[in-house]
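User: Please take a close look at a single part of this assembly, namely the way its chains meet, and set it out as one connected account.

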Amino acid sequence: MLRYSVKRLFSLILSLAVASLVIFFVIEIAPGDPASFMLGINAQPDTVAALRTELGLDQSKFSRYAAWVGGMLSGDFGTSYTYRTPVAEMIADRLWVSLPLALYALALSTLIAFPAGIYAAARRGKAGDMAVMGATQLGVAVPNFWFAMMLVLIFAINLRWFNAGGFVGWDEGLLAGLHSLTLPAISLALPQAAILARVMRSALLDILGEDFMRTARAKGLSRRQALWRHGLRNALIPVLTIIGLQFSFLLAGAIIIEQVFYLPGLGRLVFQAISARDLIVVESVVMLLVFAVITVNFLVDLAYAAVDPRLRSRT
Amino acid sequence: MSRNLILGGALSALVLLAAMVSFVWTPFDHTTMDIPSKLQTPNAIHWLGTDHFGRDIFSMIMVGARTSIAVALVAVGIGMSIGVPLGLAAAARSGSWLDELIMRGNDLVFAFPSLVIAILITAIFGAGAVNAIIAIGIFNIPVFARITRGAALSLWQREFILAARVAGKNAARISAEHILPNVANLLIVQGTIQFSLGILAEAGLSYVGLGAQPPTPSWGRMLADAQTMVSFAPHLALIPGTAIILTVLGLNLMGDGLRDWLDPKLRVART
Amino acid sequence: MSLLNIQNLTLSIGDSAILKDVSLSVAPGEIVAVTGESGSGKSMTALAVMQLLPELAQANGTLSLDGINLLEQSEEQLCALRGASIGMVFQEPMTALNPVKTIGDQVMETILIHKAMSSANARQHAQEMLERVGLPADRFPLSRFPHELSGGQRQRVVIAMAIALRPKLLIADEPTTALDVTTQAQILALLKDLVQDFGMGLLMITHDLAVVADLADRIVVMRHGEVVESGTTQGLLANMQHPYTRMLFAASNHQVALPPAPAPKPLLQVKGAVRDYRLPRKSLFGAPGHYRAVKDVSFTLNRGERLGLVGESGCGKSTLTRAILGLEPLQGGEILLDGGPIGINQSAEQRRKMQVVFQDPFGSFNPRHRVDRLITEPFHLLDKPPTGSSRRDLIAETLTAVGLSPDDAAKFIHQFSGGQRQRIAIARALITRPELILFDEAVSALDVSVRAQILDLLAELCKSYALTYLFISHDLNVVRTITDRVLVMKAGEIVEQGATEAVFTSPKHAYTQSLLAAAPVLPDLGKGAIVA
């Protein structure tokens, strides 16, 4: 188990290193000089040169990469070109919206998908299964931002149960905060729940055909007991993979959903930064998102080992 | 043929037809503004109503189908034409450094959701439909590489491949002659699914302004325009949304139907 | 009074009839073997007793255990009976256990699900049961996972689960088919012992007539869902009534006459062959370990000779086969065919001299190609592959030689039965007239009657084409009749070689002796009685 974890950790670090290189050099080839962009077209050349020195733009590519990575490791993401404030602070503020939103959505999606998938698998071919499968087929096809607009129309504009947008802030209390994230979380979660429920169902159905399920029945377990005691844990292996993949969709989806609800999250930050050509902010947010995806995949790998003893004893 | 395949095929064909017809005919010119007749609900003249500039929504939907299909199709093409050879090569040299390199490269690309790629590209080159294509296409590469490799790996263990190796055929020839035809069904099904995901992704990117730019019509941008008016003109959001849902639903049903139809073993196992 | 009584059991799935009027009975302490070829309905009979049939199956008749008609029980009542009154052992021990649960949990589950004992007692009892089936606690604690055990050990766990509550009836569906011959002998002995010890009835499903004759008190022979003949083992063996029964026993012990081999002239020379596999690194930065699958193997195969290679699974015979085929590299030694070296990058000229027939008649062909394209794949190796009418003639001639019709060339592979597919595989190996053909478990997946026909075909081809072949198999009976000389392989080494008959009648090496002792043998029924 330890060796497996260490090996995974090693590949996590390698992935992060390569990802940071890719991001750095992609931003590097972006046209335009940030310093002249910040100072406008009328700036004096020596002012631009001074700012370049201040921003470290006159150094070699390699040393700037090293400085960027080194800074990030110590929590210093640099200074925003447009706002002249530390990027780390800007991101931290926004993260308090985006991360809870993604986790809220992930929790909702899992809570909806597991019972739905298990129910459908247990009633394979019957009316209940058909209904769940039909609903998921529709759920998969709905764009989450459109679904969000419909939720706003119904629950905010017509029923007035929720605000149409904005975030009250966590200072108002946990419940108030969650309340204002509920519509965004639902609109993120439902399409993902539809996918997850389908995966859960088909994973369970695959397991139902396994020899050891027949063995369980031969021991005297009922169909339901066999499904719960032997099916579920084995079915978790493919389901975990999808949950890991979904996290990256949820993060990316959150960026779009923030636009619908005018939430002050990472999404709005990155779009503002793009239009202001504040590339250091773009660079840092992208790195953060990629870091999150890679880390979640690492956690999924560890979860595999917890579920599957064969992985624990292998390398 | 299953009900799924017929229904899905019909829906997909309808969307494709609308896109094709839009090249030669639309009820109105989709760019012509007609402010006096703005925000009409569906009626006999404007079958699906008009938007806030008085443009005919039916025409915009028809032309928008073109954008959606073009972006998704090219993105699937990019994913397949790069991902499939990579997957075949990785499987043919399974366990080698080449396999390792391809698979680690795949993992790396998977860490960049297509929206993030689109953000990066936009940061450099500015927004546009081409960027959406590239972003979705890059994300499709590891999808096809993985699925091809997975299926090819199990085929390499099959005895008919061993027989071909005994007959002295090299890996490239075996991949082309024996592996590819036997994974083709799988790729067709996955292609349909990626196509529908591409439509969704294009809509999302256009919605946030990273996709097709005006005047190129796009379902996603129609929704972005509709957002501020959803309280008094909900049809502006309902109609493009329904167009996206029906297209994606059609493609997904077709994918499911194709999978069952192309794989008789699966058809038996499912009943 | 019999324990299990099946009367006129009829079973259908949809429109297809699976079982027709099946009647049989099992008494306490009795071993009843149900035998037959694939499609005979023997496994379905076992599942019918467990009432674990496919969803759409419709069963009629009487199926009573201890006077209770199982067909009339509710699902709940059946759950109470399964595991407690009837236990079952399955064919495939590698997949019959849940991979994510410990063996202790899985044995205890049988006890706990029937609420037979408290949890602590169940643990104790599970341990005892594992000991009883030959898995002592010091080497096989309850906390082991299935993947840490061998196939034979897993089958013991499955047996422990099945007998944990001392059921009255034990059903074993091909319990040793997936196991090696020495493991098979141990498992069969265990089952026999348990039947005596517990006074259980054992309903044994097997295709292996030697096992049947060795083990059963009574035999039931089935074909196409019907019982064709049944009786006590001795009675039935002495006096077979039904021609199918006679055919089955004759085919199981089928003998062929090979033409004499010509004077020895080396064709294939294996000299000190070594094949290593890399193992995953033990520590992060340590050197990767090696597993030596083939250790310094040397032998010679002469032109016109039929050489056998026997050994149990994992002995390295498959690895050696692949090395001879030039599909895997050697780490030491060399292999020469007709004087030229064999290797991964050998020339087409060299490859042309050798062809292969694999085990699986279903996996050996690309399902998308027609027979003519399938069997002409080796033409790739020829400098000038025949075209037009000469190609057609060669295909027709080869198909005829393997007992098929020239018209079959235009068909797809799924239109053929397993035996016919194996004929097509032989045609593919034969069409370029190679110097040497490798048969890799080529008849192992076939029913006995089909196997007998393929063996006849090989003997015929030996006469008409003067074949030289290496016949790799785990089946000692088959190797005995189809080869002139035999190699016995164990743990990567050739431990014994010699003229086939000599090795079989007076084995020198202890391993060969144990292998032959473990193999169940058909009783000598007197040639006349069977042929009649």
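**Contacts and sheet**

Analyst: In this predicted model, chain C brings 28 residues into contact with 21 residues of chain A. Three helices of chain C each supply at least two residues of the side that touches chain A: helix H2 (75-81), helix H3 (103-113) and helix H5 (151-163). The largest share of that side of chain C comes from H3(C), with three residues. By residue class, the side of chain C that touches chain A holds 17 nonpolar, six polar and five charged residues.

Chain A also meets chain B, in a contact that takes 36 residues from chain A and 29 residues from chain B. On the side of chain B that touches chain A, at least two residues each are supplied by helix H3 (97-110), helix H4 (114-125), helix H7 (171-207) and helix H9 (235-262) of chain B. The residues of this side of chain B comprise 22 nonpolar, six polar and one charged.

Chain C, whose contact with chain A is described above, also contains an open sheet of four strands, arranged in the order S2-S1-S4-S5 with antiparallel pairing. At the edges of the sheet are strand S2 (16-26) and strand S5 (68-69) of chain C, each of which pairs on one side only. Within the sheet, strand S1 (residues 4-13) and strand S4 (residues 57-65) of chain C are joined over eight bridges in the antiparallel sense. One residue pair can be named here: C:Ile13 has C:Ala57, in S4(C), as its bridge partner.

Definitions and conventions. Residues numbered from 1 in each chain as written. Chains lettered and ligands numbered in written order. Predicted model: local features only at pLDDT ≥ 70, side-chain atom pairs only at ≥ 80, totals over all residues. Contact = placed C-beta atoms within 7 Å. Nonpolar A, V, L, I, M, F, W, Y, C, P; charged D, E, K, R; others polar. Pairing = 2+ DSSP bridges.
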